[in-house]
Amino acid sequence: SPELVALLMQVDLDKTIPAELYQAVAEILAFVYYLEREAKGKNNLDAVLAEAAAEYQRELTAQLGENPALDIAMFGMGPDAHFASLFPDHGESEIADPHVLVAGVRDSPKPPPLRLTLTVPMIARSKHTWVFTSETRKADAVKAAFAQRDNPHAPSSYADGEELLWL
């Protein structure tokens, strides 16, 4: 998007982004551009997101093996108890198929409106899953996450892994 390009033109990359991350940042920006370009003029954003999720899943498998797992999965939790782009009552947190590792998120309640997220089965494969939260305004969300496991109204209640740590 022109707005993103204008903002990025103001960033001094030498001070903000370490040189070893240039390629990763470039790939992320290229992917965002690809998603936006593919979505323009298309009535079926779901198809665009499904294609992007499938590509990300292929990349996970290519890089991490046939049964990909993360060593460490770190997430923040929002005041609505969302984490990992899994939002309350949005449906993605209820994907239980262990073969679906990535899902598209449409109409995200938080920008950007189009996203990809790891699914609960992919997150649960992690050796260490860490969920970070702070601030009093998130206390009710933490309470909801701890009150009932696998609660679609509090997606962070789905957080799992070999070792789950809340901080």
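A residue is called buried when its relative accessible area is under 20%, exposed when it is over 50%, and partly exposed in between. By that scale, aspartate 46, at 42%, is partly exposed. The views below are all taken from a predicted model.

**View 1. Arginine 106 and aspartate 46 form a salt bridge between a loop and helix α4.** Side chains of opposite charge can pair when their charged atoms come close. In this pair, the closest N and O atoms of arginine 106 and aspartate 46 are 3.5 Å apart. Arginine 106 sits in the loop between β2 (102–105) and β3 (115–118), while aspartate 46 belongs to helix α4 (residues 45–64), so the salt bridge ties together parts that are 60 residues apart in sequence. Arginine 106 has a relative accessibility of 28% and is therefore classed as partly exposed. Arginine 106 also makes a salt bridge with aspartate 107, for which the closest N and O atoms are 4.0 Å apart. Aspartate 107 has a relative accessible area of 55%, so this residue counts as exposed. Through shared partners, these salt bridges join Asp46, Arg106 and Asp107 into one network.

**View 2. A salt bridge within helix α4 pairs arginine 58 with glutamate 55.** The N to O distance between the two side chains is 2.9 Å, and the residues themselves are 3 positions apart in the helix, about one turn. Both partners are partly exposed, arginine 58 with a relative accessible area of 49% and glutamate 55 with 40%. The model has 5 salt bridges in total, counted by a side-chain N to carboxyl O cut-off of 4 Å.

**View 3. Helix α4 carries buried residues along its 20-residue length.** From its first C-alpha to its last, α4 reaches 28 Å, which is close to the 28 Å expected at 1.5 Å a residue. The buried residues of this helix are Leu45, Val48, Leu49, Ala52, Ala53, Gln57 and Leu60. Just after α4, glycine 65 adopts a positive phi of about 100°.

**View 4. Phenylalanine 31, in helix α3 (residues 22–39), touches residues that are distant in sequence.** Not counting residues up to four places away in sequence, the contacts of phenylalanine 31 are Ala52 and Leu116. The C-alpha atoms of phenylalanine 31 and alanine 52 are 8.8 Å apart in space, although the two residues are separated by 21 residues in sequence. At 28% relative accessibility, phenylalanine 31 is partly exposed, whereas its contact Ala52 is listed among the buried residues of α4.

**View 5. The largest nonpolar core of the model comprises 25 residues.** Within this core, Phe83, Val102 and Ile123 touch the most other members. The elements that contribute two or more residues to the core are α4, β1, β3 and α5 (120–124), and α4 gives the most, with 5 residues. Leaving aside residues up to four places away in sequence, phenylalanine 83 touches Phe75, Gly76, Ile123, Pro155, Ser156, Tyr158 and Ala159.

**View 6. Serine 157 is a buried residue in the loop between α6 (139–147) and β5 (163–166).** With a relative accessibility of 2%, serine 157 falls under the 20% limit and therefore counts as buried. Apart from residues up to four places away in sequence, serine 157 is in contact with Ala145, Gln148, Arg149, Asp150 and Asn151.

**View 7. Alanine 124, in helix α5, makes contacts with Asp160, Gly161 and Glu162.** These contacts leave aside the neighbours of alanine 124 within four places in sequence. Alanine 124 and leucine 70 are 54 residues apart along the chain, and their C-alpha atoms are separated by 9.3 Å. The relative accessible area of alanine 124 is 31%, so this residue is partly exposed.

**View 8. A nonpolar patch on the surface is formed by Ile72, Met74, Phe132, Leu165 and Leu167.** Together, the members of this patch have about 440 Å² of accessible area. One of these residues, methionine 74, is placed in strand β1 (residues 72–76). Methionine 74 has a relative accessibility of 53%, which means that its side of the 50% limit is the exposed one.

Technical notes: Residues numbered from 1 in each chain as written. Predicted model: local features only at pLDDT ≥ 70, side-chain atom pairs only at ≥ 80, totals over all residues. Heavy atoms only, no water. Helix = DSSP H or I, 4+ residues; strand = E, 2+ residues; numbered from the N terminus. Buried < 20%, exposed > 50% of the residue type's maximum accessible area, 1.4 Å probe, protein only. Contact = heavy atoms within 4.5 Å. Patch = residues over 30% accessible without salt bridge, like charges linked within 9 Å, V, L, I, M, F, W, Y side chains within 5 Å. Areas by Shrake-Rupley, 256 points an atom, 1.4 Å probe, with all protein chains shown as cover. Expected span 1.5 Å × (residues − 1). Core = buried A, V, L, I, M, F, W, Y, C linked by side-chain atoms within 4.5 Å.
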